[in-house]
Amino acid sequence: MGAVLKAVSGKAYGAVAWVRNAVVVIFALSSSVFAEPVTIVALGDSLTAGYGLENQADGLVPQLQAWLRARGADVVVQNAGVSGDTSAGGLARVDWALGPDVDALIVTLGGNDMLRGLDPAGTRASLEGILRKAAEKKLPVLLVGMQAPGNFGPDYKATFDAMYPELAAKYGALLAGSFFDGLVAAGATAGDPASFAPFMQADGIHPNPEGVKLIVEGLGPKVLDLVAQVSG
């Protein structure tokens with residue numbers, strides 16, 4: 001009788017162990033199958049929105065998302081670019097853009113401020129407001145720099161250009177030195193509009209599809225670093 005009970009209890013233990021192992025496997029599979037992708041909001045102006053492109057798939061956000069996914073990053077990049085927007089406009093709508101499912105933020109603003117010759121102090125205050133709101137939500141941020149031309153004078157340029165690295169350092173944000181770094185890497189030269197022409201639309205301000213591709217290649221590694229901050 002003891003031998004029988006021993007055999008039965010052994011089978012029961014084996015059944016329990018099998019069920020336990022099966023549950024572990026199911027949970028492991030569930031966590032991988034149902035894991036949420038990293039959601040990144042790209043807050044910007046027409047450069048982010050994809051202004052002037054016939055095919056919206058050629059825009060910054062679709063090309064960036066495809067570039068990241070091709071490198072194994074499970075991401076969704078949301079387009080929060082509004083053509084003509086200033087940094088103040090971005091600050092006014094950042095609360096709406098940063099929904100509960102957002103994991104990280106890319107900020108590409110200030111270009112229209114600079115084109116209009118707005119006081120860099122105001123631009124800085126707006127960008128800082130955006131970074132502060134992201135910090136309140138504990139969201140990692142990639143701040144994309146812009147550089148002013150020299151036609152507003154050396155003081156304006158120095159003040160405008162410096163605020164991006166200064167704000168990134170203050171708020172612990174990742175920094176991309178310039179939105180157009182990818183074009184410079186491809187041979188464009190700052191201060192030489194003709195060298196940018198092959199990568200730009202007819203207005204000389206907005207990139208064409210090839211220009212967007214190169215910009216994405218320049219920004220992409222920084223965005224991977226942003227994704228790593230979320231995943232880590």
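At what angle do helix 3 and helix 10 pack, and how far apart are their axes? I began my notes on this predicted model with that pair, and I found that helix 3, residues 60-70, packs against helix 10, residues 209-231, at an angle of about 50°, with the axes 9 Å apart. That angle makes helix 3 oblique to helix 10, and I noted that the crossing of the two is right-handed.

I then looked up which residues make this contact. From helix 3 I listed Leu60, Gln63, Leu64, Trp67 and Leu68, while from helix 10 the contributors include Pro209, Val212, Ile215, Val216, Leu219 and Leu224. Sorting the contact of helix 3 with helix 10 by class, I have 12 nonpolar, 2 polar and 2 charged residues.

Next I turned to the largest nonpolar core, which has 61 residues, and I asked which of them touch the most other members. The residues are Leu105, Phe179 and Leu183. I also recorded that helix 10 supplies the largest share of this core, with 8 residues. In soluble globular proteins, nonpolar side chains tend to be buried together.

I followed Phe179 further, leaving aside its neighbours within four places in sequence, and found contacts with Leu47, Leu60, Thr108, Val144, Gly145, Met146, Ile215 and Leu219. Among these partners, Leu60 belongs to the helix 3 side of the contact described above, and Ile215 and Leu219 to the helix 10 side.

My second helix pair was helix 6, residues 120-136, and helix 7, residues 154-171, whose axes come within 10 Å and cross at roughly 15°. The two helices are therefore roughly parallel to each other, and their crossing is right-handed.

For the residues that meet there, I wrote down Pro120, Thr123, Arg124, Leu127, Glu128, Leu131 and Arg132 in helix 6, and on the helix 7 side a set including Tyr156, Phe160, Met163, Glu166, Leu167, Lys170 and Tyr171. By class, the contact of helix 6 with helix 7 divides into 9 nonpolar, 2 polar and 5 charged residues.

Is Glu128 buried or exposed? I checked this residue of helix 6 last, and its relative accessibility is 13%, which counts as buried because the cut-off for that class is under 20%. Leaving aside its neighbours within four places in sequence, I found Glu128 in contact with Leu167, Lys170 and Tyr171, and each of these three partners is listed on the helix 7 side of the contact.

Definitions and conventions. Residues are numbered from 1 along each chain as its sequence is written. This is a predicted model: local features need pLDDT of at least 70, side-chain atom pairs count only at pLDDT 80 or more; totals for chains, interfaces and linings use all residues. Side-chain values use heavy atoms; hydrogens and water are left out. Axes are lines fitted to C-alpha atoms, for helices over the stretch in contact, and angles run from 0 to 180 degrees between N-to-C directions. Helices (H or I, at least four residues) and strands (E, at least two) are DSSP runs, numbered from the N terminus. Angles under 35 degrees count as roughly parallel, over 145 as roughly antiparallel, 65 to 115 as roughly perpendicular and the rest as oblique. A crossing is left-handed if the near helix is turned anticlockwise from the far one by less than a right angle, and right-handed if clockwise. Contact means heavy atoms within 4.5 Å. Ala, Val, Leu, Ile, Met, Phe, Trp, Tyr, Cys and Pro count as nonpolar, Asp, Glu, Lys and Arg as charged, and the others, Gly among them, as polar. A nonpolar core is a set of buried Ala, Val, Leu, Ile, Met, Phe, Trp, Tyr and Cys residues joined through side-chain atoms within 4.5 Å. Buried means under 20% relative accessible area, exposed over 50%, partly exposed in between (1.4 Å probe, protein chains only).
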